[in-house]
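User: Please take a close look at one buried part of this model and what packs over it. Then work outwards to the open spaces and the charged pairs.

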Amino acid sequence: MKNSNDAMAFAIEAMGRDRVDKGGNPYVLHLCETVTRLDQTASAIGIRVTDYMRCAAILHDTAEDTDRTVADIAAEGFGHNVCRLVDALTKRPGEQPIDYWMRVIEAGPEARAIKAADALSNSRIERLNRKPTEKDKSRGVFYTELAKIMLNPWAGVEELRMDLLDNEAACRA
């Protein structure tokens, strides 16, 4: 059975050793931070981190940002659970953001924990090797809010339901 070390080797090979993030840092640091933050996000949701979750966290961008597919990940020997999570975390071409987020939420708490860890890593503007622009700050806020949604997707649903009922009553009056 493949482990997180195998996943890291596969991701680095697929993405290339020279790949950098928006801050000019080696992209592998984002993968490491996502895995590190996974312990926090899983705990917040109330689940235990497994090695297959760590593998999926490392491979979460591989099928989306390289020419590798989920089928390639499976052929490499990563198990069903890794592939299921990577598939859920992979944005489809042309997919609307809300449809993607709902698909991740519906994939369950493991996928939500990984996406929250990814979003927290992406939210860190201090990783930029320059003064953050307004766009950078806006992106940071966006990813922070996305992490909150992934950690508790149903927060505010009761309040929204009450607002809708109030609105309906006002419309009927």
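Analyst: The cover over the buried residues of helix α3 is drawn from several helices, and it includes α1 (4-15), α2, α4, α5 (70-75), α6 (80-89) and α8. This is a predicted model. Helix α3 itself spans residues 51-59. Its buried residues are M53, C55, A56, A57, I58 and L59.

Take α1 next, one of the helices in that cover. S4 sits in this helix. Setting aside neighbours within four places in sequence, S4 touches D51, R54, C55 and I58. C55 and I58 are among the buried residues of α3. Is S4 buried or exposed? S4 counts as buried because its relative accessible area is 19%, and the cut-off for buried is under 20%.

Helix α8 also belongs to the cover of α3. One of its residues, E110, makes a salt bridge with R84. The closest N and O atoms are 2.9 Å apart. R84 lies in α6 and E110 in α8, so this pair ties together parts 26 residues apart in sequence. The two partners fall in separate burial classes. E110 is buried, at 17% relative accessible area. R84 is partly exposed, at 29%.

Now the open space. The largest pocket holds about 590 Å³. It is lined by 28 residues, and K22, Y27, H30, N122 and Y143 are the closest to its centre. Which helices each supply at least two residues of this lining? They are α2 (28-45), α4 (62-65), α7 (97-106), α8 (109-123) and α9 (134-151). Helices α2, α4 and α8 also appear in the cover of α3. By class, the pocket lining has 13 charged, 10 nonpolar and 5 polar residues.

There is also enclosed space. The count gives 1 cavity of 30 Å³ or more. The largest cavity contains about 40 Å³. Its lining is N122, S123, R124, I125, R127, L128, D136, R139 and G140. Helices α8 and α9 are the elements that give two or more residues to this lining. Helix α9 gives the most, with 3 residues. The classes are 4 charged, 3 polar and 2 nonpolar. N122 lines this cavity, and N122 is also among the residues closest to the centre of the largest pocket.

Back to the charged pairs. The structure holds 12 salt bridges. One of them joins the side chains of K2 and E76, at 3.9 Å from N to O. This pair links distant parts of the chain, 74 residues apart. K2 is in the segment before α1, and E76 is in the loop between α5 and α6. K2 is partly exposed, at 26% relative accessibility. E76 is partly exposed too, at 36%.

Another bridge stays within one helix. K148 and E145 both lie in α9, 3 residues apart, about one turn of the helix. Their side chains meet at 3.1 Å, N to O. K148 is partly exposed at 48% relative accessibility. E145 is partly exposed at 38%. Elsewhere, E13, D67 and R68 are joined into one network by salt bridges that share partners.

Conventions: Residues are numbered from 1 along each chain as its sequence is written. This is a predicted model: local features need pLDDT of at least 70, side-chain atom pairs count only at pLDDT 80 or more; totals for chains, interfaces and linings use all residues. Side-chain values use heavy atoms; hydrogens and water are left out. On a 1 Å grid over the protein atoms alone, a cavity is a set of points where a 1.4 Å probe fits but cannot get out, and a pocket is an open set with protein on both sides within 12 Å along at least five of seven lines; lining residues have an atom within 4 Å of a point. Grid points are joined across faces, edges and corners, and a volume is the space filled by probe spheres set on the points. Helices (H or I, at least four residues) and strands (E, at least two) are DSSP runs, numbered from the N terminus. Ala, Val, Leu, Ile, Met, Phe, Trp, Tyr, Cys and Pro count as nonpolar, Asp, Glu, Lys and Arg as charged, and the others, Gly among them, as polar. Buried means under 20% relative accessible area, exposed over 50%, partly exposed in between (1.4 Å probe, protein chains only). Contact means heavy atoms within 4.5 Å. A salt bridge is a side-chain nitrogen of Lys or Arg within 4 Å of a carboxyl oxygen of Asp or Glu.
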